[in-house]
Amino acid sequence: MVDQSAAAFLQGLRSIVGVDHVITDQADMAGYLADWRGRYSGRARAVVLPLDTDQVAAIVRLCAGAGVPVVPQGGRTGLVMGSVPDTSGDAIVLSLRRLNRIRAIDPANRTMTVEAGCILADIQAAAAAAGMLYPLSLAAEGSCTIGGNLSTNAGGTAVLRYGNTRDLCLGLEVVNVQGEVWDGLRGLRKDNTGYALRDLFIGAEGTLGVITAAVLKLFPAPRGMLTALVALDSPRQALALLNLLQARCGAALTGFELMSAVCMDLVAQQFPALPQPFAAHHPQYALVELSSNESEAHAQALLESSIGAALEDGIARDAVVATSSQQALGLWRLREHIPLAQAAAGKNIKHDISLPVSTIPDFIAHTDAALDRAFPGCVLVTFGHLGDGNLHYNVAPPLGVAHEAFLLEQDAVNRIVHDAVVAFAGSISAEHGIGALKRDELARTKSPVELGMMRAIKTALDPLGIMNPGKIL
């Protein structure tokens with residue numbers, strides 16, 4: 001620290017937020033220091049829980065003056081170690097979970113202003129109570145916060161129709177590294193007055209400043225939503241089905257998820273109580289969701305006619321259309337339980353990648369073969385948001401190989417997968433971010449020009465290097 005004792009610094013934090021909201025006991029801090037997957041735990045001099053933006057600004061000013069790193073933290077559901085400190089113990093963890101107020105809802109402008117610590121599910125519920133829709137939907141929506149969603153530009157299941165979190169945000173409130181508050185909470189869909197500062201902070205993972213509030217887009221609540229599970233022969237047939245549905249349904253197609261037979265078998269083994277829609281075994285499955293602002297009957301007619309065309313054209317093998325919200329929930333649970341089934345079965349090597357949609361069948365064929373040559377018998381657990389090009393391409397050990405032993409091959413597996421991603425003009429992170437986990441791979445796969453521009457932005461906005469250090473760059 002610079003010109004300030006550790007005790008005086010902690011006292012300064014307590015004077016800002018109160019004694020009860022500065023945690024220094026190691027046991028009490030433990031839950032804030034570990035990543036969600038339980039593979040890493042850092043250290044911190046304190047966990048600080050401010051109540052409002054002014055307190056965040058005062059904390060950052062104190063840290064900037066003392067040279068203390070700041071690690072912003074939301075719901076701690078990230079998968080790339082982006083919101084946990086390193087092992088030096090120098091940083092504070094700045095938990096924003098007390099900034100959890102919905103400040104305003106503007107039905108006519110279709111916007112909602114929320115604080116960074118708001119739980120995503122609470123935002124969805126508030127929008128629904130106002131007769132509208134906030135469409136961001138993630139498996140962790142019951143515990144993730146909107147600040148974390150914005151900081152990682154989270155995707156989810158409705159990107160095909162509504163876009164990523166970036167597309168669902170109109171304005172931000174941010175505390176910069178000097179402890180100044182930028183009030184960019186403008187509910188404007190057009191603002192052509194210079195650099196898009198909002199877009200610098202969205203997806204920056206807390207490395208440029210602290211997002212404290214946001215103006216979010218709302219949409220009319222659909223009058224009808226239908227879900228179907230379609231059995232297919234291959235990822236190429238899934239792509240053909242996607243193209244058919246987009247041509248026939250347009251913007252009514254809100255979700256299109258790809259799941260391999262391995263995924264479905266894994267869910268059946270680990271969660272036998274979940275219903276299995278098909279008696280027969282199929283190589284691939286597509287989970288399809290349609291929504292209509294006209295009526296449920298309109299959505300049903302559109303979906304059934306489109307799936308009928310896919311069956312007649314030989315694109316699909318079979319299909320099940322949910323006839324109730326409960327059945328629809330059951331189909332979505334099959335998809336949502338894939339990560340849980342993986343965790344129950346043992347550790348595996350995960351990849352959150354993005355590809356041009358048209359290349360996904362070729363990528364899967366190419367990379368499956370490359371991994372099988374290098375690690376014969378390895379199990380590919382492939383699923384994800386085919387509609388927007390995002391695959392969760394996970395690799396489990398061959399039968400009889402211990403999971404811990406296979407994890408030692410992670411660097412070699414990552415190189416094969418990420419080299420293939422680059423060859424197919426993709427991205428090594430679609431929606432989880434870079435954090436500390438993928439930092440070295442980012443340096444290996446990004447061009448020097450791109451990395452240079454990113455470093456220039458980081459240096460300009462965080463010259464002290466105290467905002468979430470060691471993440472991304």
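1. Contact is used here to mean heavy atoms within 4.5 Å. In this predicted model, Asn293 is, on that criterion, in contact with Pro220, Ala221, Pro222 and Arg223 once its neighbours within four places in sequence are left aside. Asn293 belongs to the loop between strand S14 (284-292) and helix H10 (296-312), and although Asn293 and Arg223 are 70 residues apart in sequence, their C-alpha atoms are 5.1 Å apart in space. With a relative accessible area of 47%, Asn293 is classed as partly exposed, because that class lies between the limits of 20% for buried and 50% for exposed.

2. Thr382 offers a second site to consider, and its place is in strand S17 (residues 379-385). The relative accessible area of Thr382 is 6%, so this residue counts as buried, the limit being under 20%. Not counting residues up to four places away in sequence, Thr382 touches Leu258, Met259, Ser260, Cys263, Ile364, Leu391, His392 and Tyr393.

3. Cys263, one of the residues touched by Thr382, is also one of the buried residues of helix H9 (residues 261-270), which are Ala261, Cys263, Met264, Leu266 and Val267. The cover over these buried residues of H9 includes strand S12 (224-232), strand S13 (253-260), S14, helix H11 (325-345) and S17.

4. The largest nonpolar core has 52 residues, and those with the most contacts inside it are Leu241, Val288, Phe363 and Leu371. Helix H8 (residues 235-249) gives the most to this core, with seven residues. For Leu241, leaving aside neighbours within four places in sequence, the contacts are Val230, Leu232, Phe256, Ala286, Ala310 and Ile315. A second core, separate from this one, has 30 residues, and Val114, Cys118, Ala127 and Ala204 are among them.

5. Which residues lie nearest the centre of the second largest pocket? They are Gly203, Ile434, Lys446, Met454 and Ile472, out of a lining of 42 residues, and the volume of this pocket is about 910 Å³. At least two lining residues are supplied by each of helix H5 (146-152), helix H7 (197-201), helix H15 (439-445) and helix H16 (448-461), with H16 giving the largest share, four residues. By residue class, the lining of this pocket divides into 15 nonpolar, 18 polar and nine charged residues.

6. Strand S5 (residues 102-106) pairs with strand S6 (residues 111-115) in the antiparallel sense, over four bridges, and within this pairing Ala104 has Thr113 in S6 as its bridge partner. S5 and S6 form a hairpin with four residues between them, and Arg110, in the turn, has a positive phi of about 55°.

7. An open sheet of four strands, with mixed pairing, follows the order S1-S2-S4-S3. Strand S1 (22-23) and strand S3 (70-73) stand at the edges and have a single partner strand each, so one side of each is left without a neighbour in the sheet. Strand S2 (residues 46-48) and strand S4 (residues 92-95) run parallel and are joined by three bridges, with Ala46 standing opposite Ile92 in S4.

Key:
Residues numbered from 1 in each chain as written. Predicted model: local features only at pLDDT ≥ 70, side-chain atom pairs only at ≥ 80, totals over all residues. Heavy atoms only, no water. 1 Å grid on protein atoms, 1.4 Å probe; cavity = no way out; pocket = protein on both sides within 12 Å on 5 of 7 lines; lining within 4 Å. Points joined across faces, edges and corners; volume = space filled by probe spheres on them. Nonpolar A, V, L, I, M, F, W, Y, C, P; charged D, E, K, R; others polar. Core = buried A, V, L, I, M, F, W, Y, C linked by side-chain atoms within 4.5 Å. Buried < 20%, exposed > 50% of the residue type's maximum accessible area, 1.4 Å probe, protein only. Pairing = 2+ DSSP bridges.
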